[in-house]
Amino acid sequence: RGFDLDTGLGFGLGWHFAPRWTGEVRALFHDGDIASTDTYQLGVRYAFDLGGSWHPFAVGGVHYGRSEVDYEVVCFRAPCPPHRSSDSVTGLFAGGGADWQFSRRTALRLEGRFAVYDSDAGDDSTDATDLTAGIVVRF
């Protein structure tokens, strides 16, 4: 869409169902100056075993997002209605990253994801890159 969303907040839940494989659900919420975006992803993660404290991984799955954009409207007669548009997208994502394990149950996660999706707003496919950092707590 071409607007900067700055930072956001997110959470994810994973289930380790096989050695090195985890199923996950993730949600991210961004609230920028003119737009807000909610992203939901369902995917699988494969962890590479290289030993040491750093644990790289690859991830992929399905992506759903919705956004709302507020426009300022200039009008010559009052009242001026606010102009808001909303859009939803569906598609696929792939990415990777690494966990730095600093205790038995906690890690710092650095991750990048690339999503390709079709938008309700047009017929063309578009893409987005998502870079995140967070804390992982394992139960």
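The questions and answers below concern a predicted model of a single chain.

Q: How many helices and how many strands does the secondary structure of the chain contain?
A: Read from the N terminus on, the elements of this predicted model run β-β-β-β-β-β-β. The count for the chain is therefore zero helices and seven strands.

Q: Is the chain spread out or compact when set against the globule rule?
A: For 139 residues the globule rule gives a radius of gyration of 14 Å, whereas the chain has 18 Å. The value of the chain is well over that of the rule, so the chain is more spread out than a compact globule.

Q: What are the rough dimensions of the box that the C-alpha atoms of the chain fill?
A: The box is taken along the principal axes of the chain. Its dimensions are roughly 65 × 30 × 20 Å.

Q: What percentage of the residues in the chain is buried?
A: A residue counts as buried when its relative accessible area is under 20%. Of the 139 residues in the chain, the buried ones make up 29%.

Q: What share of the exposed area of the chain do carbon and sulfur atoms supply?
A: The area that the chain exposes is about 9,500 Å². The share of this area supplied by carbon and sulfur atoms is 59%.

Q: How far apart are the mean positions of the positive and negative charges of the chain?
A: The chain has 12 positive and 19 negative charges. A mean position is taken for each of the two sets, and the distance between these positions is 11 Å.

Q: Is E111 buried or exposed?
A: E111 has its place in strand β6, which covers residues 106-119. Beyond its neighbours within four places in sequence, E111 is in contact with several residues, including R26, F57, G96 and L131. The relative accessible area of E111 is 7%. Because the limit for a buried residue is under 20%, E111 is buried.

Q: Which residues have side chains joined to that of R113 by a polar contact of 2.6 Å?
A: R113 is found in strand β6, and R113 is buried, with a relative accessible area of 3%. Leaving aside neighbours within four places in sequence, the residues in contact with R113 include E24, Q41, V59 and A128. One polar contact of 2.6 Å joins the side chain of R113 to that of E111. Another contact of 2.6 Å joins the side chain of R113 to that of Q41.

Q: Which residue has a positive phi although it is not a glycine?
A: Most residues other than glycine have a negative phi. In the loop between β1 (8-18) and β2 (21-31) lies R20, which counts as partly exposed at 39% relative accessibility. The residue with a positive phi, of about 75 degrees, is R20.

Q: Is L13 buried or exposed?
A: L13 lies in strand β1. Its relative accessible area is 62%. Because a residue is exposed when this value is over 50%, L13 is exposed.

Q: What is the distance in space between L13 and V25, C-alpha to C-alpha?
A: Leaving aside its neighbours within four places in sequence, L13 is in contact with G23, E24 and V25. L13 and V25 are twelve residues apart in sequence. In space, their C-alpha to C-alpha distance is 5.4 Å.

Key
Residues numbered from 1 in each chain as written. Predicted model: local features only at pLDDT ≥ 70, side-chain atom pairs only at ≥ 80, totals over all residues. Heavy atoms only, no water. Helix = DSSP H or I, 4+ residues; strand = E, 2+ residues; numbered from the N terminus. Rg over C-alpha atoms; globule rule 2.2 N^0.38 Å. Buried < 20%, exposed > 50% of the residue type's maximum accessible area, 1.4 Å probe, protein only. Areas by Shrake-Rupley, 256 points an atom, 1.4 Å probe, with all protein chains shown as cover. Lys, Arg positive; Asp, Glu negative; His and termini not counted. Charge placed at Lys NZ, Arg CZ, Asp CG, Glu CD. Contact = heavy atoms within 4.5 Å. Polar contact = N/O pair within 3.5 Å; in protein donor to acceptor, adjacent residues only side chain to side chain.
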